[in-house]
Amino acid sequence: MARELSRPANNMVEKFRNIFKGLDERFGYHIADYEEGDGKKSGDSFTSNYPHTLEMWQSHLEGKKFKVKTNRGSIEADSLGLCPINKNSKCRWGAMDLDNYKPSIPELFKKLKSLNVPTIPFRSKSGGIHLYIFLTEEVPALLMREKLHSIKNIFGVEKPDKIFPVQKYLNLEKGSAGSWINLPYHNAAKTERYMIKENGDAATLEEFFEAYQKNKVTPAQLKKLKSNIDEGESGDWFKDGPPCMQALAKFGVEKKARNETLLDMTRYIKLRYPEKWRDKAGEYNKKIFIPPMDYTEVNNVIGSREKREYPYRCNSDWLKPHCDRAKCILRKFGVGNANGGGNVVLGPLSYVKSIPKIWYLGFGGDEVKLYSKELVRQDLAREAATEQTGKTPSKTKNWDDQIRLLQEKATPIDAPEESLPMYKLKQYIRTFCFNMRRTEDRGQILFGKPFVNTKENKIHFQFDAFYTFLETKKWKDIEATTHQMLKKTEGVSREKLHISKNVKRNVYTVDIKEFEEQKVDLEIPDFGIGEDEVPF
């Protein structure tokens, strides 16, 4: 049944709209089907390619129908939906659609309190949960998606219906309309889509506004979003183990799944306590399961583990809803462990911002220096680790997956200035144009000499002569890349020089004053060109 709440005042409409500000150029709408005496049961949803209006927001909050323009004329809609990602691919709020998750209120708030930043739960149109995070300022949609995905496993839902924003990037010019979510507080006075208070009651619109002000999250807080399931006593029981088991230890295991869950847990227990895992299995039973299984049931599970070395059954109904593979694969006793405890632990990873990149990989507690070709091949990385540490690490399962995950959080290290290509290039320009034999005869540029135009305070040179000079310095970049680097060098421009009569040549021109005053841009350019491409 809908809860009787206060009708929104007109001045609340704009406030509500500002909170849920997202894509202005598109919106979603729902047309409901009704059955006599039984309220809304189902309906159809559509996306409009026109901007939404303030009147639509007001009608949504008042529970009134509103007109929507379509290619076939106007139709009447019942409620409004919005896409959080704007045309700049940023957002000020995100949401997790957990329509299939219908927990008890104490269970819901226990899980919300395990998060280190505030989140606000709402009852959805279908009776499930929509979980929102609101921000103090815009962040890239990519970041919001990444952080919401990182906490989805604690809710025990195998796959949320959707995480909003759905898109990482939005391109309206290519026809992208974004994906939208039904907004709360439809018919706010008697709404079924309300913010859920900790006692289970429906919050009024005014109470939601107060909660919003108290629970807005800064971008810095969002970046640190996580659940505390790996902390405290529940985390200690499954230290360095699968996040799914940490979640089960924190939030409980369904009675019907206890035997199968314990069988998977004995995989972890045996890896962590290889000599006394049988006794430990009994301790875990008493600690994790309420009430504990009886002695016979536990012994049967131990017997099954002794007969066969079952791997983690990650796709099982009791583990998959809590799975966080990205974390699990990097943990000592996680799914990446393929050798009964002998598997090496990888990480952390850092890299020097140079060309070529130099990587430093944590390899079972030792730090190993690798080049990119070694990092992407486990055999070469193990060979380098053997050479540098005197120990040959065990092979690890899912090497490529683990390296990709580590690269996402790799720590950059600034390279020495003199080692960077852009710095070197500017020094070579200075040597070639200022310190070598040059000429004030315009025609001599055809023979490879830099031409100095004293009137304009500029130096002109042909690329081929300069690149031949670079090769004597063991310059490694191809011609096309060097062209692009020159174009990005402050004080250097590309132009056509009139030499004599009908003779003209493409040259690079150094503005002496500007070149000397500019600092070197140390960033490595992203050229996006192939080796055979010449940009002129």
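This passage describes a four-stranded sheet, the helices that lie across it, and the largest pocket of a predicted model.

The sheet is a good place to start. Its 4 strands follow the order β13-β12-β11-β14, and they form an open sheet with mixed pairing. At the edges sit β13 (366–371) and β14 (411–414), each of which pairs on one side only. On average, and with direction ignored, neighbouring strands of this sheet are turned by 25 degrees against each other. Within the sheet, β11 (residues 346–353) pairs with β12 (residues 358–363) in the antiparallel sense, over 5 bridges. For readers following along in the structure, Y351 is a handy landmark here, as this residue stands opposite W359 in β12.

Two helices can then be placed on these strands. Helix α14 (residues 378–389) lies across β12 and β13, and runs at about 125 degrees to β13. Helix α15 (residues 399–408) lies across β11 and β12, running at about 55 degrees to β11.

Both β11 and α15 come up again at the largest pocket, where each gives two or more residues to the lining, as do α4 (141–149), α8 (243–251) and α12 (325–328). The pocket holds about 1,200 Å³ of space. Its lining is made up of 37 residues, and those closest to the centre are D324, A326, K327, E408 and K409. Helix α4 gives the most to this lining, with 6 residues. As for chemical character, the lining residues divide into 16 charged, 15 nonpolar and 6 polar.

Conventions
Residues numbered from 1 in each chain as written. Predicted model: local features only at pLDDT ≥ 70, side-chain atom pairs only at ≥ 80, totals over all residues. Heavy atoms only, no water. Pairing = 2+ DSSP bridges. Axes fitted to C-alpha atoms, helices over the stretch in contact; angles between N-to-C directions. Contact = heavy atoms within 4.5 Å. 1 Å grid on protein atoms, 1.4 Å probe; cavity = no way out; pocket = protein on both sides within 12 Å on 5 of 7 lines; lining within 4 Å. Points joined across faces, edges and corners; volume = space filled by probe spheres on them. Nonpolar A, V, L, I, M, F, W, Y, C, P; charged D, E, K, R; others polar.
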